[in-house]
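Good morning, and thank you for coming. Please look at the structure on the screen while I go through its overall form and then a selection of its local features.

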Amino acid sequence: MAVCSDDSARIGDIELLQAPALPMTADAILEDMTHYFSRLLGRRTIRTRSPFLFQSIVFAIRDRLMERWNQSNMAVERSDSRVTCYLSLEFLMGRLLRNALLCLDIEEETREALNRLGLDLEEILDREHDAGLGNGGLGRLAACFLDSSATLKLPVVGYGIRYRYGMFRQHIENGAQVEEPDPWLREGFPWEIERFEFARTIKFGGYTTSHTDEHGESHHSWLETHDVLAIPFDIPVPGYRNGIVNTLRLWSAAATEEFDLEEFNAGSYVDAVAAKNEAENITMVLYPNAASENGQELRLRQQYFLASASLQDVLRRWCLRHDDFDAFAEQHCFQLNDTHPAIAVPELMRLLMDEHHLSWNSAWEITRSTMAYTNHTLLPEALEQWPVGMFRRLLPRILEIIFEINARFLQEIGQTWPGDADRLHRMSLVSEGEPAMIRMAYLAIVGSYSVNGVAALHSRLLREGLFRDFAQLWPAKFNNKTNGVTQRRWLAACNPKMAALISARIGSGWITDLSELGQLRDLADDPSMQKEWRAARAANKARLAGEITTRTGIPVSTSMLFDVQVKRIHEYKRQLLNLLHAVHLYDRIRRGDGNDLVPRAIIIGGKAAPGYFMAKEIIRCINKVAGVINADPLTADRLRLIFFPDYNVSAMELICPAADISAQISTAGKEASGTGNMKFMMNGAITVGTLDGANVEILEAVGAANFFLFGLTVEQVQAMFGRYDPRAIIEADADFASAIKLLESGHFNPGEPGILDAVIRSLQHPSDPWMTAADFRAFVDAHRSAEAAYSDSARWTRMSILNTAASGRFSTDRTIRDYNEDIWRLEQIELNGR
C-alpha cells in the first residue's frame, strides 16, 4: 500500500509562543548589536577590519528577519498550500546585508546606530564576503528569482549546495588567469542556520536486487551502499517590505561516521578519516574540473546529492501532515534550473516506489505532474551527458529506473511514428556508441510537464532545432519565460544616486512595479533631469574608476566613454571581438588616424573555467594587449584597455551603474538570454549588440534609435556554415588586416614569441563556429555610430534615460508572475489574514 513511511514524521512538534516583535529603531539595533558583540562573540574592542563587528550586526538584523521567517513558514504550513521547490546547482547570492536592510527598511536606522560608535555603514558593508556559490548568469538568475518570489509573496523554497569553496578567486600573473580557492566560510557565515535535525542519507555505489511478491508486485532494494549525510543550512530570503521571508536551503556533505577509531588507534591516521574526506569532497568545490574522469564523477555525485537530499526533504515534510500521496502532485512543483538537477526525475521515482511503495504508474504520474524543466543553453556540448558505466558504478538503482523510463518512452515513440528507426535513435535517453551515454536533457523533458526557454528567440530555437523532435511530440509542453533581474539589487541598492533621482521624479513605486519606469520617457528631454542624470552617472563612473585603479594600478579618466563587457569568458560570448576592436583603435592611433576618436576605456572582466584552455588564452591575450596599449604614451587619455580581475556580483554592482556602453556581442543563436544586458540597460547603458538572446527583446522595448545593432542574424550564421572564409574577410578589410598584422607581429608579446598564436589562429580558422571575423566590420561601424551619439551629450543622455524607462519588462517580478501563471500556480502567502 502506498503510504508515507518516514519514521521521523511521526514525532510530534510543539510550537513555542512567539516573542514580541523587535523594535526597528537605531537604539534597539545598537543594543542588540552590542549584546552579540560582547556576550555571544566575547569581544571588547571594536576593530572594523575584524569579522566580529560585521557578524554582530548581521545577528541583530537576522533576528528581525527571523520573526518574519518563522511567521512565513508557519503560514505556509498551516495553509497546506502548493509550494515550488527551485532546484539549482548555483545560487549566486552576492552580499546579503544591504539587501536585508533595504527589504526591512532600516538602512538609515542601522547607519545611525553605527554612527553613534563612530563607524561607517559603507565600510561595514564592504566587509561581507560574496558567497560565490555560482559561476555566472545561471546562479545569479536563481538568486533574483528567490528575491522576486518573496516580494510577490509566493511560497518558493530554493535548494542548492553549500560549497565549502565557491567560484575561485582570480588573479592575473604575467597576463594569465591564476585560480585560488575562495574560502568564503573561513570567517563564518552568520546568515545561515544549521538544521542538522533534518539531515538526510544519500546512497552511492552498492548493488541492487529485486523480487516479486505474492501479488505479482516487483520490489527493489539498493544494498551495500556507501552512504553520505546531507546536512541542511538555511538562509533567509526576504521580500521587499511585505513581512515575507522565504528559505534557501543549502546542503553540506558529511560522513555518516566522523572517523574510524579502530584505524586511528592502530596508527592509520589517514585511513581513519578517509571516509570523512571522501564524503566532504562532494560539497568541497563548485564545479570541479570535468576534464578528468574523477572530476566528472564528482560532478555527477554533486547532482545526485542535491536532487536526493532535496526530494527526501520535501517528502519528509509531506509525511508530517499526510498519510498518503493522493494530493502530493497538486501541492508541489519542482523547477529544475537547467539540466544539472535532471536526475531528480528518476530519484523521485525511486523514493516513491522503493521507500514509499507506490506502483510505477502512480509514481510516474506524480513525477510527470510535478517536474518542470528550464533549459538555459543552445550549445549541444553544454547539455549534460553521463557514461552509462559511471551510472552503473555510482547509481545502479537510478540507472535501472532510467532504462525503464527509456523503454516505455521509446514504446510511445514507436506507436506515434511507427517504423521511424532514426527518430528512435535521435530521441532515446541513452545514446548509442562507445561509451553509451545518458542524455540528461532528454530525461528532463520526458519527465516534466513543462519545458521552457529563457528568451523568445531561445525558446523558438529550442522548438525548431535542439528539441524539435520532442516539441513535435508534445507541443503544449514547450513555452517561453524571458529572464529578468531584480530591480531591488540591480538599481535600488547598487545605484543609490540614480534610484533617489528616479524616486524624486516619479515616486518609488517602481521598486515593486518596474513598469512604472516608463514614466521617465516624458522626462527624457527635460534639461534639469538630464543634468541630474549626468551627475549621478558621473559619480558612478568615478566610483568605478577608483576601484579599477585599486585593482589594476591603471588610472582611468571619467570623461572617457566606458565601454563594458563583463561576463563569463567563453568563445561564443566573443570577448575576442572586443579585443580586436581595441587593437583596431590602437592601430588607428599609432597610424595617426585617431584624432577624431572619442576617448574610450574598454573594460572587460570575467572568469574562465579552469579546464577551458581557449578561454584562458583569451584572457592572456587581452592582458598582453592591454599592457602595451596602456603603457604607450600615444594612448594617454585616449584609449585604455582594462581587464577587471576577480569579477563577481559585488563587482557588477559597481560596474553596471557606471557603464556607458553594454557590449552584448555573442554569435547570433548561441546566447540563451543573458541577464547582464538587462542590468546594464536598467542602469542607463546603451547596448551594442547582436540579435541574440534577450537582446532581441531589449531592442524591441527600447527601439532601434536607442540600440546599436550589428552582426549576422541566426539565419545568416546558419547559411554561412560550410562556406565561411575568415581569411578572405580579413584580406578584404584593410583595417582588419592591419589589426591582425599587428597581433601577429609580436608587438604585444615581445620576448614571448608564439604565446598569442592559438587565439590568432582560432579566429582565422574556417571551422570557427563563432564567426568572429564575419562580424568585425559591422562591430566597428556600430561603435562609430555610438561615438557620434556620445559626442552629443543631450542626445546620449536622452538615450540613456530611455533605456532605463524601457527596462520595465525585464524585472524578475514579471518573469516570476509568468512562471506562476503558466507553470507553478501558487497562491500568495497570507500572514495573519493579510
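**Helix 23 and its surroundings**

Of the 16 residues in helix 23, 15 are buried, so this helix is largely enclosed by the rest of the structure. I should say at once that we are looking at a predicted model. Helix 23 covers residues 575-590, and its first and last C-alpha atoms are 23 Å apart, close to the 22 Å expected at 1.5 Å a residue. After the helix comes Gly 592, which has a positive phi, near 80°.

Let me now step back to the protein as a whole. It contains 34 helices and 23 strands. How does the radius of gyration compare with that of a compact globule? For 834 residues such a globule would have a value near 28 Å, and the protein has 28 Å, which agrees. Along the principal axes, the C-alpha atoms fill a box of roughly 90 × 75 × 65 Å. Of the 834 residues, 60% count as buried. Among contacts with a separation of 6 or more, 77% join residues 24 or more positions apart.

The surface and the charges may be of interest to those preparing calculations. About 32300 Å² is exposed by the protein, and carbon and sulfur atoms supply 49% of that area. There are 87 positive and 110 negative side chains, with the centres of the two sets 5 Å apart.

I return to the helices, beginning with helix 1. This helix runs over residues 26-40, 15 residues in all, and reaches 20 Å between its end C-alpha atoms, close to the 21 Å expected. Which of its residues are buried? They are Ala 26, Ala 28, Ile 29, Leu 30, Asp 32, Met 33, Tyr 36 and Phe 37. An α-helix has 3.6 residues a turn, so residues three or four places apart point the same way. The cover over the buried residues of helix 1 includes helix 2 (51-79) and helix 4 (107-115). Helix 1 is followed by Gly 42, with a positive phi near 65°.

Helix 10 takes up residues 293-321. Its 29 residues should span 42 Å at 1.5 Å a residue, and its end C-alpha atoms are 43 Å apart, which agrees. Since 22 of those 29 residues are buried, helix 10 is largely enclosed by the rest of the structure.

Next, the backbone in the loops. Where is the cis peptide bond that joins Glu 434 to Pro 435? Pro 435 lies in the loop between strand 14 (430-431) and strand 15 (437-439), and omega for this bond is near 0°.

Two residues other than glycine deserve attention for their positive phi. Lys 153 has a phi of about 65° and sits in the loop between helix 6 (137-151) and strand 2 (156-161). With a relative accessible area of 22%, Lys 153 is partly exposed. Asp 338 has a phi near 75° and is found in the loop between strand 11 (332-337) and helix 12 (344-355). Is Asp 338 buried or exposed? Its relative accessible area is 10%, under the 20% cut-off, and therefore Asp 338 counts as buried.

I close with three individual positions. Gly 118 belongs to the loop between helix 4 and helix 5 (121-125), and with a relative accessible area of 68% it is exposed. Gly 118 and Arg 82 are 36 residues apart along the chain, and their C-alpha atoms are separated by 48 Å.

Gly 689 lies in strand 22 (residues 686-689) and is buried, at a relative accessible area of 0%. Although Gly 689 and Phe 779 are 90 residues apart along the chain, 8.6 Å separates their C-alpha atoms. Leaving aside neighbours within four places in sequence, the contacts of Gly 689 are Gln 664, Asn 695, Phe 707, Phe 708, Leu 709 and Phe 710.

The final position is Trp 796, in helix 33 (residues 793-805). Trp 796 counts as buried at 6% relative accessibility. What does Trp 796 touch, not counting residues up to four places away in sequence? The residues are Asp 660, Ile 661, Ile 686, Phe 708, Ala 786, Ala 789 and Tyr 790. Ile 231, by contrast, is 565 residues from Trp 796 in sequence and 53 Å from it in space, C-alpha to C-alpha.

Definitions and conventions
Residues are numbered from 1 along each chain as its sequence is written. This is a predicted model: local features need pLDDT of at least 70, side-chain atom pairs count only at pLDDT 80 or more; totals for chains, interfaces and linings use all residues. Side-chain values use heavy atoms; hydrogens and water are left out. Helices (H or I, at least four residues) and strands (E, at least two) are DSSP runs, numbered from the N terminus. The radius of gyration is taken over C-alpha atoms; the globule rule is 2.2 Å times the number of residues to the power 0.38. Buried means under 20% relative accessible area, exposed over 50%, partly exposed in between (1.4 Å probe, protein chains only). Contact means heavy atoms within 4.5 Å. Accessible areas come from the Shrake-Rupley method with a 1.4 Å probe; for residues, only the protein chains shown count as cover. Lys and Arg count as positive and Asp and Glu as negative; His and the chain ends are not counted. The place of a charge is taken as NZ of Lys, CZ of Arg, CG of Asp or CD of Glu. The expected span of a helix is 1.5 Å times one less than its number of residues.
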